Amino acid sequence: MSPFDFSCRLVNRAVSKRFIVSTETEQQRMTSYIPAEDRYQSMTYRRSGRSGLLLPAVSLGLWQNFGDDRPLETQRSVLRRAFDLGITHFDLANNYGPPYGSAETNFGRILREDFREYRDELVISTKAGWDMWPGPYGDLGSRKYLLASLDQSLRRLDVDYVDIFYHHHFDPQTPLEESLGALHSAVTSGRALYVGISSYSDERTAEAVAILHELGTPLLIHQPSYSMFNRWIEHRLLDVLESEGVGCIAFSVLAQGLLTDRYLNGVPPGSRASFGGSLTRDMLNEENLGRVRALNDIAQRRGQSLAQMAIAWALRDARVTSVLIGASSVAQLDQNIAALEDLEFTADEIAAIDRYAVDGNIDLWRAPATS
């Protein structure tokens with residue numbers, strides 16, 4: 001045997017040994033999670049419109065905290081705890097991260113390692129409509145973009161289908177029939193079970209319902225922004241959804257974090273506002289902060305945190321099927337889920353909240369929602 005052959009054999013043995021160890025570690029990780037047996041006993045489930053699909057009152061959104069800037073094991077612990085608490089719905093989009101796509105990739109890995117055998121107990125949603133890749137085919141609402149994006153999402157998630165595929169926002173430059181026809185094709189091709197829309201106005205939503213009905217794919221759900229400081233859906237959209245039998249899942253119910261106790265005394269280091277992202281410093285004006293403090297006082301009298309009251313308030317209307325929350329830790333998830341322990345409001349509490357729950361000019365999605 002030549003020295004070269006001997007060296008190759010040693011390398012192959014070392015690689016094989018590392019592969020075996022890696023495989024064993026992977027198998028241990030894949031079998032180490034056993035969900036709580038009582039996971040469905042404490043969660044409240046609501047029917048999405050007139051469909052047969054039940055969603056948890058609180059769903060987990062992966063807009064923040066699930067990109068490559070966060071430890072994977074922290075993400076894993078949050079997802080495990082969420083499922084243990086009866087959260088079956090996990091909401092993603094093609095460009096969640098950072099970087100774009102990483103939230104789907106990370107969720108797909110954890111799904112493969114921890115939740116593979118529970119896939120049929122999960123509702124996984126994703127979206128396309130905002131910018132995803134350069135050039136004229138990576139944005140907005142064309143059939144080419146939407147279906148190409150869905151195929152990419154399926155690869156990142158490592159699944160054969162998603163439960164809900166959304167058009168992420170109305171695109172005035174593309175015929176509505178084309179965007180919704182792409183959603184219909186996602187269902188007929190088996191790549192999605194249901195379809196949804198997000199940030200559509202009440203008028204466009206009614207049009208979408210009619211187009212999809214004609215195609216034979218009912219609109220399952222609408223995902224609008226909604227909070228005490230952003231109540232636009234109450235004017236007409238909720239009425240349209242109710243009359244058409246469409247569900248509603250609200251996002252940003254904590255007003256990008258403004259409706260928490262984090263900003264009662266300024267902007268703490270490391271907070272979302274300190275980075276100038278979806279919650280900007282100009283939103284933390286004295287007028288808004290005065291309302292936050294007043295609402296916090298009401299929440300304390302109810303025995304809740306401000307975040308818990310904001311979640312419960314968004315769920316006070318039966319037409320709201322579910323609310324999306326984010327979580328950067330298990331502790332934060334537990335605190336927010338505790339909102340479900342008290343969803344009832346007295347008439348006096350609602351009246352007191354209404355004094356301060358007014359538009360705070362924090363709606364980043366107003367343009368597409370009013371198109």
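Among contacts in the protein chain between residues at least 6 apart in sequence, 76% join residues at least 24 apart, a contact being heavy atoms within 4.5 Å. The model behind these values is predicted, with local features needing pLDDT of at least 70, side-chain atom pairs counting only at pLDDT 80 or more, and totals for chains, interfaces and linings using all residues. Residues are numbered from 1 along each chain as its sequence is written, and side-chain values use heavy atoms, with hydrogens and water left out.

The protein chain has 12 helices and 10 strands; these are DSSP runs numbered from the N terminus, helices being H or I of at least four residues and strands E of at least two. Of the 371 residues, 54% count as buried, where buried means under 20% relative accessible area, exposed means over 50%, and partly exposed lies in between (1.4 Å probe, protein chains only).

Now for the barrel. Eight strands close up in the order S3-S4-S5-S6-S7-S8-S9-S10, with parallel pairing. Neighbouring strands of this sheet are turned by 30° against each other on average, direction ignored. Strands of a sheet pair through backbone hydrogen bonds, either parallel or antiparallel, and two strands are taken to pair if DSSP finds at least two bridges between them.

Several of the pairings can be followed one by one. Strand S5 (residues 123-128) lines up with S6 in the parallel sense over four bridges, and Ala128 has His167 as its bridge partner in S6. Strand S6 (residues 162-167) is largely enclosed by the rest of the structure, because six of its six residues are buried. Further round, strand S8 (residues 219-223) pairs with S9 in the parallel sense over two bridges, and the bridge partner of Ile221 in S9 is Gly247.

Strand S10 sits between two partners in the barrel order, S9 and, where the ring closes, S3. Two bridges join strand S9 (residues 247-250) to S10, and the two run parallel; here Ile249 has Ser322 as its bridge partner. On the other side, three bridges join strand S3 (residues 58-61) to S10, again parallel, with Leu60 partnered by Ile325. In a regular strand the side chains alternate between the two faces of the sheet. In S10 (residues 322-325), Ser322 and Leu324 point one way and Val323 and Ile325 the other way, and all are buried.

Next come two helices. Helix H5 (residues 176-188) and helix H6 (residues 202-215) pack at an angle of about 50°, with their axes 10 Å apart. That makes H5 oblique to H6, since angles under 35 degrees count as roughly parallel, over 145 as roughly antiparallel, 65 to 115 as roughly perpendicular and the rest as oblique. Axes are lines fitted to C-alpha atoms, for helices over the stretch in contact, and angles run from 0 to 180 degrees between N-to-C directions. Leu176, Glu177, Leu180, Gly181 and His184 in H5 meet Arg204, Glu207, Ala208, Ile211, Leu212 and Leu215 in H6.

Finally, there is Thr88, found in the loop between helix H2 (72-84) and strand S4 (89-91). Thr88 counts as buried because its relative accessibility is 6%. Leaving aside neighbours within four places in sequence, Thr88 is in contact with Tyr40, Tyr45, Pro56, Phe83, Glu121, Leu122 and Val123. The C-alpha atoms of Thr88 and Met43 are separated by 9.7 Å, with the two residues 45 apart along the chain.
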